[in-house]
Amino acid sequence: MNTIKKTIFLLLTSYVCILCTAQSENPVHSATLPLDNSIRYGQLPNGFSYYIKSIEEPLSDLYLNLYVKAGTDQEDKSQLNFAHAIEHLAFKGTKNFPLGIRDSLKHSNIAITDYRGSSGETTNYLFKVPHNNGAVLDIALLWFSDIATGLRFTDEYTDQVKGELVEEFLIKSGEQLSESFATSSLEAELFPGRNSNINFFEHHKNYGPKELQKFYNDWYRPDLMAISVVGNIKDIDAMERRLKDRFSKIQLPLDPKTVPNSDADYYMRPPQFAIVERKTDTANVALVDNSVTFQLFFRAPSVLEKIHTMEGVKRLIKLKLLISIVNKRLEELTSKYNSFNALAFDRFSISSLPPLLEVRLKTYSREKEALQETVRALKQLQEYGILEEEWDEVKRDYLRDLNVGYENGTRYWNKEIFNHFKYNEALPSDKQENLKEWLSGLSLKSFNDHLFQFLSEMPKDIGIMAPTGHKALSLTENEIRFWIHDAYKGPVEDYKLPDVPKVLMGDEKVADLKEINYTDKGADISGARELLLNNGVRVILKPTSKASSNKVELHGFSPNGALSFPKPNQSSALNSSNIVRNAGVGKMDKFALKRFLSNTSIRVNPYTGFMETGIVGNAEHEDVEGMFQLIHLYFTAPRMDKVAYNDWKSGEKKAFLNHDYGLISADFSNSIRNITGDSFLSRGFNSLTKGLMGSEQFESIYRTDMVDAYEAYGQLFGSTEDFTFIITGDFSYGSMVPLVQKYLGNLPNTSKLSNTLKEVDLDPLPKGPVFKEITPPKYYVMKNVNYALKYISKATDPANWREQIKIDVLGKIIWNMAWDLRFTKGYNIYLITGFGKYNMDMRRYEIGFDLSCSNEELELLRKECKQIISKIKSGTVADHVFEDSRNFVMKNRINEQKRLYEHYYHEQPWVSPAERKRFIESLTIKDIVGIVNKYCNDGSLFEFVMRDKENL
């Protein structure tokens, strides 16, 4: 056994040595294949690289990227977040832009999202230059040059950036600080070049501009930089001259530091084991996240060893295919109610870890059993390989993704060029075609041989994360590796593909559904044709004349919701659609239904709100009848299962503890909604509706009863004569009407509910000004402040589309001016939203700001927000801000489904795009001044603050 280990270690060491050599060489000269001949590549004498790629898309914008190999790999323990801080500094005053890059773009019609930065293992800067705009191109190149050599390291700028980073960290981590600290600590122990952020707040108090400048001087150097220009480039020679002129003068340091290679260091390390504590963020014992997370890492050193050749690229694709297959097997393993979670991750693509397979499982009990079940699934793969059907599916999916990626044009080339610069990944001519030909011919036997070898060893690196006091924290490396070894050595059965239902509805059931008669009410101004089926269902049909795809989209809705029931039953009603989705339909539980749908394009989801019930769906041509069948089943055959219901309850609690959205923001929004009497919930079109979120949703679980939920669901979806279905997409009336008659015409009317939309009080607001302090829920600790300023006014004419457009333009003006608080005035804020919108549900206008900040800056920012409104009232709006805002609203296109929904449900007038455009073009700043003075006054002013005063 020792001899085997030594042999493996020597082989691994040789791989790493080759990897170190390859990565230290020049990107192009080290490649055994030439660079794609459609790319103009060069390297200046100072080491600075450039890539120029022209694409034939007409009127294509130019995408400029500045890449700097200065990131987390270069940071030592005292330099946590320094690369990120310098990325933020680039947007402050620089040598040629003393007031910041934003100030220089005032008259350029450039949105703030058109130039941005990001940092991780590398730091990247993006600038999107409008087609044929040489002046903006000059600004972009000059700014990139300033980033390379002309940043300013002052106390003022450093303090501003540190404040922004703290706010960004709090917004992204929210109330899950302990999760963030534990995750970063675990990765810091397992991977070289990663630092724990556990001392994040203390660290950001203790460094200054000198420390940042030293990091900048060490790593912002030309041999670690490259620029790429991708787009419709008329004169490549002229572009090359521009780049040479701009970047050839950057000086190399006299004594450059050695560039660390964390990936190579990782592969050189012996197997790692780490276990970290996840501290509890709440004093509420019932809400402690008791989950234990296991992370198993299978190293893939041979990928980077050859990444500069097509062989290495193929190895990377094999790794991705393997990860996809493992994921599918783990998903099937855990496809049962009240199971643990297990997933496989490609961390190389999503978070810049070295090439590896990560298997992560999270369990709330039976840690050993969950781990061993997962390992046995891997052993089953290693022993028997995958089946022909699995291979065909995973190959088909990857080939489709290859095509989609290539068709994306600029996005594809930006990604490929970045990978070539950062990893020295091969980028020869016809790369996509070569890969497609290779993958199409790759045999199952060949792939299984690769799989057998890759999974023949147990995971080298293991990480465990568990909450304070959990018994898992006392587990030892020997115990865990013994559990894994014990599972590996045991016998496993050959894998059997799960049973997949052949049909949603049997032939007999379909034959029983006769084509119900209807009244044709003809077409209205929107061009949509209206049918009234004999069961009372209204159907709006509008084929898309120039469909971008062969999809059909459907949205059915009624004005009945949870408020149709007594208050004790409203939570049950509100959660009823989620409960049914978790249970399934007919004889299929959600897992069987998912297996059936996985081989189709069908997507259908019912939803329930306070004052609306509905269903959204879409499918491609060949699956449209299946989509209608599933809709029919959701109305007529919701599956009721106590086990599924209990799984839903536990799943909701887990989702609350491990949410993937901003919980604090959701709670703040819910509080404002309740205070202002807004009884509607946000809905999605052609996608799963979010519905209630945050702590309010979590608390509703305990007020929900299964029997009451199904009773409410039956009544809401049984009142079918209140439903309207809007159907758009690529179809003909001749093919669609029979499906409508059969599947929607046979929906039974089994209940009659009151129309809650007409009964709701649409003007419940007290007279302003109102200032409301909101106490955050007891489930977490807030370290910053959420603030919102809103002017809310009832719309006297809900159909006044011109007024609504003026409000939209006002909102964009506020949004533009709000960002000056960060980029011009230097407030320590990360995100700020300015808005103006017509709330169709409540028939009112809402204008204002939404932001998070420190408690120290709150009062100043309150004044600043009001001053922005005062400036607009007096007409003090820069011409470029008005033009940018008006142009943004003009370019904004509304989804056809949404337009029809607003027309038929909210009785909004149908306005042609040409008429809308003419009106927007006619607007002047005087119109906006009139609007802001009309609606923004003390009587309509509401201010909201949410903070935990004890922890500020």
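Over the ring of which residue does the charged end of Lys53 sit? That residue is Trp413, and the charged end of Lys53 lies 4.3 Å from the centre of its ring. Before going further, keep in mind that this is a predicted model.

**Charges over rings**

Lys53 has company in this kind of arrangement. Arg329 lies over the face of Tyr495, at 3.5 Å from the ring centre. Here are the two cases side by side:

| Charged residue | Ring | Distance to the ring centre |
|---|---|---|
| Lys53 | Trp413 | 4.3 Å |
| Arg329 | Tyr495 | 3.5 Å |

**The helix that carries Trp413**

Trp413 belongs to helix 16, where it is one of the buried residues. Helix 16 covers residues 410-423, 14 residues in all, and spans 20 Å from its first C-alpha to its last. That is close to the 20 Å expected at 1.5 Å a residue. Most of helix 16 is covered, with 12 of its 14 residues buried. Besides Trp413, the buried set includes Tyr412, Phe418, Phe421 and Tyr423. Polar and charged names turn up there too, among them Asn414, Glu416, His420 and Lys422. Just past the end of helix 16 comes Asn424, with a positive phi of about 65 degrees.

**Aromatic pairs**

Rings also meet other rings here: the structure holds 48 aromatic pairs. Take Phe127 and Trp143. Their ring centres are 6.1 Å apart and the planes sit at 70 degrees, so this pair is edge-to-face, given that anything over 60 degrees gets that name. The two partners come from distant parts of the chain, 16 residues apart: Phe127 is in strand 5 (residues 123-129) and Trp143 is in helix 4 (residues 134-149).

Are Phe127 and Trp143 buried or exposed? Phe127 has 0% relative accessibility, so it counts as buried. Trp143 also comes out at 0% and therefore counts as buried. Both rings are part of a cluster linked by ring pairs, together with Phe91, Tyr115, Tyr125, Phe144, Trp815, Trp819 and Phe823.

**A buried threonine**

Now for a residue without a ring. Thr158 lies in helix 5 (residues 155-173). Its relative accessibility is 1%, so Thr158 counts as buried. What does Thr158 touch, leaving aside its neighbours within four places in sequence? The contacts are Tyr207, Gly208, Pro209 and Leu212.

**The seven-stranded sheet**

Further along the chain, seven strands make an open sheet with mixed pairing, in the order 12-13-14-18-15-17-16. Its edges are strand 12 (518-523) and strand 16 (603-608), each of which pairs on one side only. On average, neighbouring strands in this sheet are turned by 15 degrees against each other, direction ignored.

Let's look at the strand 16 edge. Strand 16 pairs with strand 17 (residues 613-620) in the antiparallel sense, over six bridges. A hairpin of four residues joins strand 16 to strand 17. Across this pairing, Arg603 stands opposite Asn618 in strand 17, while Pro606 has Ile615 as its bridge partner. Though strand 16 is an edge strand, it is mostly covered, with five of its six residues buried.

Methods: Residues numbered from 1 in each chain as written. Predicted model: local features only at pLDDT ≥ 70, side-chain atom pairs only at ≥ 80, totals over all residues. Heavy atoms only, no water. Phe/Tyr/Trp six-rings, centres within 6.5 Å; stacked < 30°, edge-to-face > 60°. Helix = DSSP H or I, 4+ residues; strand = E, 2+ residues; numbered from the N terminus. Buried < 20%, exposed > 50% of the residue type's maximum accessible area, 1.4 Å probe, protein only. Lys NZ or Arg CZ within 6 Å of the ring centre and 35° of its normal. Contact = heavy atoms within 4.5 Å. Pairing = 2+ DSSP bridges. Axes fitted to C-alpha atoms, helices over the stretch in contact; angles between N-to-C directions. Expected span 1.5 Å × (residues − 1).
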